[in-house]
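This report introduces a structure to a reader who is meeting it for the first time. It goes through a few topics in turn, beginning with charged pairs and ending with a residue in a strand.

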Amino acid sequence: DYWPNIGLFLAYTQRDELQNGNPGYDFVSGGISINVPIFSGQKQSKKVEEKQYTKNMIDHRYTQTLNQVYYELETIRSSIEKNAKLVKLFKNEMIPQAAQSVESALVGYQTDKVDFLTLINNQITLFNYDLDYYRVLSDYNKDIAQLEFLVGVQFTNEK
């Protein structure tokens, strides 16, 4: 927009007989147009400045989106690691120990060495561990699904 625009045009027109009965003559016309940017210091410079601001805004949006994706990936990664450790802890240590405690309390109750309340408390503890295990396993699987959504790749991981 800083430089003049030059345009050429050529036209051919065919005329039929006119309404008053005179014959219509065909004609050819042509011309040249020149747009001279008189206000280049005001108008075009402002347009260039606007485009520069728009470019900067798009660059900032891109950086913001990229940072948001990295943040979400890091958050999900740490949550997956935490939940994987908790799933392993519940599955391999806490639930088996609680089950042994229930069995021990049941044997103790049958031999009249443990009261019924202790047996019930151990059973409730085992149920709570089971509930916590499945809650953590569910959170783990949700995080895996969210990670698959973000990166666009399906993972196969058995827990």
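## A charged pair in helix α1

K55 has a relative accessible area of 45% and is therefore partly exposed. The structure shown here is a predicted model, and in that model K55 takes part in a salt bridge with D59, in which the closest N and O atoms are 2.9 Å apart. D59 counts as partly exposed because its relative accessibility is 35%, a value that falls between the limits of under 20% for buried and over 50% for exposed.

The two partners belong to helix α1, and because they are 4 residues apart there, about one helical turn separates D59 from K55. Side chains of opposite charge can pair when their charged atoms come close.

## Other salt bridges

By the rule used here, the count of salt bridges comes to 5. One of them joins the side chains of E74 and R77, with a distance of 2.3 Å from N to O. Both E74 and R77 lie in helix α1, where they are 3 residues apart, about one turn of the helix. E74 is partly exposed, as its relative accessible area is 41%, and R77, at 38% relative accessibility, also counts as partly exposed.

In helix α2, D139 forms a salt bridge with R135, and the closest N and O atoms of this pair are 3.7 Å apart. D139 and R135 are 4 residues apart in that helix, so that about one helical turn lies between them. D139 counts as partly exposed at 25% relative accessibility, while R135 counts as partly exposed at 45%. Returning to E74 and R77, these residues are joined with E81 into one network by salt bridges that share partners.

## The nonpolar cores

Which residues make up the largest nonpolar core? This core has 9 residues in all, namely V87, F90, I95, A98, V102, L126, Y133, V136 and L137. Helix α1, spanning residues 40-110, and helix α2, spanning residues 116-151, each supply at least two residues of this core, and the largest share, 5 residues, comes from α1.

There is also a second, separate core of 6 residues, which includes I76, A84, Y140 and I144. In soluble globular proteins, nonpolar side chains tend to be buried together.

## The loop between the helices

D112 is found in the loop between α1 and α2. Its phi is positive, at about 65°, although D112 is not a glycine. Is D112 buried or exposed? With a relative accessibility of 70%, D112 counts as exposed, because exposed residues are those over 50%.

## A residue in strand β2

N35 has its place in strand β2, which covers residues 27-35. At 53% relative accessibility, N35 counts as exposed, because that value is over the 50% limit.

Where residues up to four places away in sequence are not counted, N35 touches P4 and N5. N35 can also be set beside G7, for although 28 residues separate N35 and G7 in sequence, the two are 8.5 Å apart in space, from C-alpha to C-alpha.

How values were computed: Residues are numbered from 1 along each chain as its sequence is written. This is a predicted model: local features need pLDDT of at least 70, side-chain atom pairs count only at pLDDT 80 or more; totals for chains, interfaces and linings use all residues. Side-chain values use heavy atoms; hydrogens and water are left out. A nonpolar core is a set of buried Ala, Val, Leu, Ile, Met, Phe, Trp, Tyr and Cys residues joined through side-chain atoms within 4.5 Å. Buried means under 20% relative accessible area, exposed over 50%, partly exposed in between (1.4 Å probe, protein chains only). A salt bridge is a side-chain nitrogen of Lys or Arg within 4 Å of a carboxyl oxygen of Asp or Glu. Contact means heavy atoms within 4.5 Å.
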